[in-house]
Amino acid sequence: MSEQEIFQRYEKKYLLEEGQFQLLKKELEGKMTMDQYGKHTICNIYFDTPDYLLIRTSLEKPVYKEKLRLRSYGIPKEEDLVFVELKKKYYGIVYKRRAAMKMSDARAYLYEGKREGKKGQVIKEVNYTLDKYGLEPKVYLSYDRIAMFGNMDPNLRVTFDFNIRGRNTALDLTNGVYGENILENGQVLMEVKTAGAIPVWMARILGEAGIFTTSFSKYGEFYKQEIIQDIFGDQVQKTAKGGSNCA
């Protein structure tokens, strides 16, 4: 794996119920293969401004949006590789840049502002984003994932995410996998990632199963379920109480 990577693709999201997931698994047999990692856990720290500007902007569905996160596969130790990822979306196309570094180096870079020895185009873009917004760690998100690739087209990828958990405390990847669940029991988030259009055979399967695209952001959902409640909970309760008294 190279130290710096750039991806460009379309990503479509689908929120599945348990029955739909089981049906899809059967339909994809012979057409897609699970990758070498099997079911694995992905952990992320999302960076944002003190007032959550990036995710608030993203939820407004602008033509252009961006996010910065630190990602690991499993709970990393200090010497393990993690990935600094800058993800941008413009007119439906996702552009992802990422740079690999040791966990200890990533913490020094993103949390402490130590940029010595960090070079390359991806790092320049990350530095610009950090400086532009004054980003800081805001939310931890993890989930268990099954990833598959197309037998005829390895650039076609489908991922299934389960047990999506979030927290806004203990914001270090080494602190372990725990948090509040943001999906209902039995729900699975599926993403289809392609260089172009979804294959006709897959579109047919999804259509026959009544599975349609949805707008869903893991970070956005956690923000709506947990952060807004923390910030405005008391205010909302007082407004509701006042409204009932006036009725």
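**Entry 1: K61**

I began with K61, which is exposed, with a relative accessible area of 57%. I note at the outset that the model I am reading is a predicted one. I placed K61 in the loop between α2 and β4. I then looked up the backbone angle of K61 and found a positive phi of about 55 degrees, although K61 is not a glycine.

**Entry 2: A170**

I turned to A170, another residue with an entry for phi. The phi of A170 is near 50 degrees, a positive value in a residue other than glycine. A170 sits in the loop between β8 (157-167) and β9 (180-181). Is A170 buried, partly exposed or exposed? I recorded it as partly exposed, because its relative accessibility is 30% and the class in between runs from 20% to 50%.

**Entry 3: G113**

I located G113 in the loop between α3 (103-110) and α4. With a relative accessibility of 48%, G113 counts as partly exposed; exposed would require over 50%. I also looked up its separation from L59. The two residues are 54 places apart in sequence, and their C-alpha atoms are 28 Å apart in space.

**Entry 4: Helix α3**

I asked how many residues of α3 are buried. The count is 6 of 8, so the helix is largely enclosed by the rest of the structure. I listed the buried residues as M103, A106, R107, A108, Y109 and L110. I then looked for what they pack against, and found β3, β4, β5, β6 (93-102) and α4.

**Entry 5: Helix α4**

I checked the length of α4 (residues 121-133). Its 13 residues, at 1.5 Å a residue, should span 18 Å, and the end C-alpha atoms are 19 Å apart, which agrees. The expected span uses one less than the number of residues. The buried residues of α4 are V122, I123, E125, V126, N127, T129 and L130. I kept in mind a general point about such a list: an α-helix has 3.6 residues a turn, so residues three or four places apart point the same way. Just after α4, I noted that G134 takes a positive phi of about 65 degrees.

**Entry 6: N44**

I moved to a residue in a strand. N44 belongs to β3 (residues 40-48). Its relative accessible area is 0%, and N44 is therefore buried. Which side chain makes a polar contact with that of N44? It is the side chain of R71, at 2.8 Å. Leaving aside residues up to four places away in sequence, N44 touches R69, L70, R71, V139, Y140, L141, Y143 and L173.

**Entry 7: The largest pocket**

I next looked up the open spaces. The largest pocket has a volume of about 850 Å³. Its lining consists of 36 residues, and R9, Y73, K96, R98 and R157 are the ones that lie nearest its centre. Strand β1 (residues 4-16) gives the largest share of this lining, 6 residues. I sorted the lining by class and obtained 13 nonpolar, 7 polar and 16 charged residues.

**Entry 8: The second largest pocket**

The second largest pocket holds about 650 Å³ of space. I found 25 residues in its lining, with K13, K65, K89, S215 and F216 nearest its centre. At least two lining residues come from each of β1, α2 (53-59), β4 (64-73), β5 (81-90) and α6 (218-246). The largest share, 4 residues, comes from β1. By class, the lining has 6 nonpolar, 7 polar and 12 charged residues.

**Entry 9: The cavity**

Finally I looked for enclosed space. Rolling a probe the size of a water molecule over the atoms shows where empty space is left. The search of the whole structure finds 1 cavity of 30 Å³ or more. The space in the largest cavity is about 40 Å³. L24, L28, V158, M190, V192, M202, I205 and L206 form its lining. Two or more of these residues come from each of α1 (18-28), β10 (188-194) and α5 (200-208), and the largest share, 3 residues, is from α5. How do the lining residues of the largest cavity divide by class? I recorded 8 nonpolar, no polar and no charged residues.

Notes. Residues are numbered from 1 along each chain as its sequence is written. This is a predicted model: local features need pLDDT of at least 70, side-chain atom pairs count only at pLDDT 80 or more; totals for chains, interfaces and linings use all residues. Side-chain values use heavy atoms; hydrogens and water are left out. Buried means under 20% relative accessible area, exposed over 50%, partly exposed in between (1.4 Å probe, protein chains only). A polar contact is a pair of N or O atoms within 3.5 Å; within protein, one must be able to donate a hydrogen and the other to accept it, and residues adjacent in sequence count only if both atoms are side-chain atoms. Contact means heavy atoms within 4.5 Å. On a 1 Å grid over the protein atoms alone, a cavity is a set of points where a 1.4 Å probe fits but cannot get out, and a pocket is an open set with protein on both sides within 12 Å along at least five of seven lines; lining residues have an atom within 4 Å of a point. Grid points are joined across faces, edges and corners, and a volume is the space filled by probe spheres set on the points. Ala, Val, Leu, Ile, Met, Phe, Trp, Tyr, Cys and Pro count as nonpolar, Asp, Glu, Lys and Arg as charged, and the others, Gly among them, as polar.
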